[in-house]
Amino acid sequence: MLPEFLKSNFWSYKLESLDKDKDKNLIIFNILNFGGYEAWLWLFKNYSHSQIKEAIKKSVATAWFKSSINLWQNVFDVKARPQRFLDEPTPLAWPH
């Protein structure tokens with residue numbers, strides 16, 4: 001069970017139903033995207049650098065706040081997926 005002080009990072013989930021191991025990608029995503037210093041400290045004590053890096057790689061960049069994904073991609077030197085489905089074409093840029 002996750003500590004109560006993390007509840008504000010999981011406003012659309014029942015905190016007591018989240019499993020630290022089974023739901024690690026969701027937990028890492030929510031804390032990095034919505035959390036603050038105290039939540040980040042908890043995260044870094046409970047998940048390894050490689051687990052966090054892998055969770056970012058598995059996430060979809062457009063699901064993040066832009067400032068959050070830019071920060072964590074730089075900190076962990078990793079990129080989130082640009083689209084939701086692996087076979088989905090990358091959107092075309094509008095001409096300038």
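1. Let's start with Phe65. This residue is partly exposed, with a relative accessible area of 46%. Bear in mind as you read on that we are looking at a predicted model. As for where Phe65 sits, look in the loop between α3 and α4 (66-76).

2. Which residues join Phe65 in a nonpolar surface patch? The partners are Trp11 and Phe34, and together the three make a patch of about 370 Å². Phe65 can be part of such a patch because its 46% relative accessible area clears the cut-off of over 30% that patch residues must meet.

3. Now the overall layout. The chain has 4 helices and 0 strands, so if you go looking for a strand under the DSSP-run criterion you won't find one. Walking along the sequence, you get the pattern α-α-α-α. Of the 96 residues in the chain, 34% are buried.

4. How do α1 and α2 pack against each other, in terms of distance and angle between their axes? Helix α1 covers residues 24-34 and helix α2 covers residues 37-46; their axes come within 9 Å and cross at roughly 150 degrees. That angle makes α1 roughly antiparallel to α2, because anything over 145 degrees counts that way. If you care about handedness, the crossing of α1 and α2 is left-handed.

5. On to charges. A search of the whole structure turns up 2 salt bridges. One of them pairs the side chains of Lys57 and Glu54, at 3.6 Å from N to O. Both residues belong to helix α3 (residues 49-58), where they are 3 residues apart, about one turn of the helix. Are they buried or exposed? Neither label fits: Lys57 is partly exposed at 40% relative accessible area, and Glu54 is partly exposed too, at 34%.

6. The other salt bridge links the side chains of Lys7 and Glu4, with an N to O distance of 3.9 Å. That still qualifies, because the cut-off is within 4 Å. Here the two partners fall into separate accessibility classes: Lys7 has 43% relative accessibility and counts as partly exposed, while Glu4, at 54%, counts as exposed. The reason Glu4 gets that label is that its 54% is over the 50% line.

7. If you open the model yourself, here are some places to look. Check the patch made by Trp11, Phe34 and Phe65, then the α1 and α2 crossing at roughly 150 degrees, and finish with the Lys57 and Glu54 salt bridge in helix α3.

Terms used. Residues numbered from 1 in each chain as written. Predicted model: local features only at pLDDT ≥ 70, side-chain atom pairs only at ≥ 80, totals over all residues. Heavy atoms only, no water. Buried < 20%, exposed > 50% of the residue type's maximum accessible area, 1.4 Å probe, protein only. Helix = DSSP H or I, 4+ residues; strand = E, 2+ residues; numbered from the N terminus. Patch = residues over 30% accessible without salt bridge, like charges linked within 9 Å, V, L, I, M, F, W, Y side chains within 5 Å. Areas by Shrake-Rupley, 256 points an atom, 1.4 Å probe, with all protein chains shown as cover. Axes fitted to C-alpha atoms, helices over the stretch in contact; angles between N-to-C directions. Parallel < 35°, antiparallel > 145°, perpendicular 65-115°, else oblique. Left-handed = near helix turned anticlockwise from the far one by under 90°.
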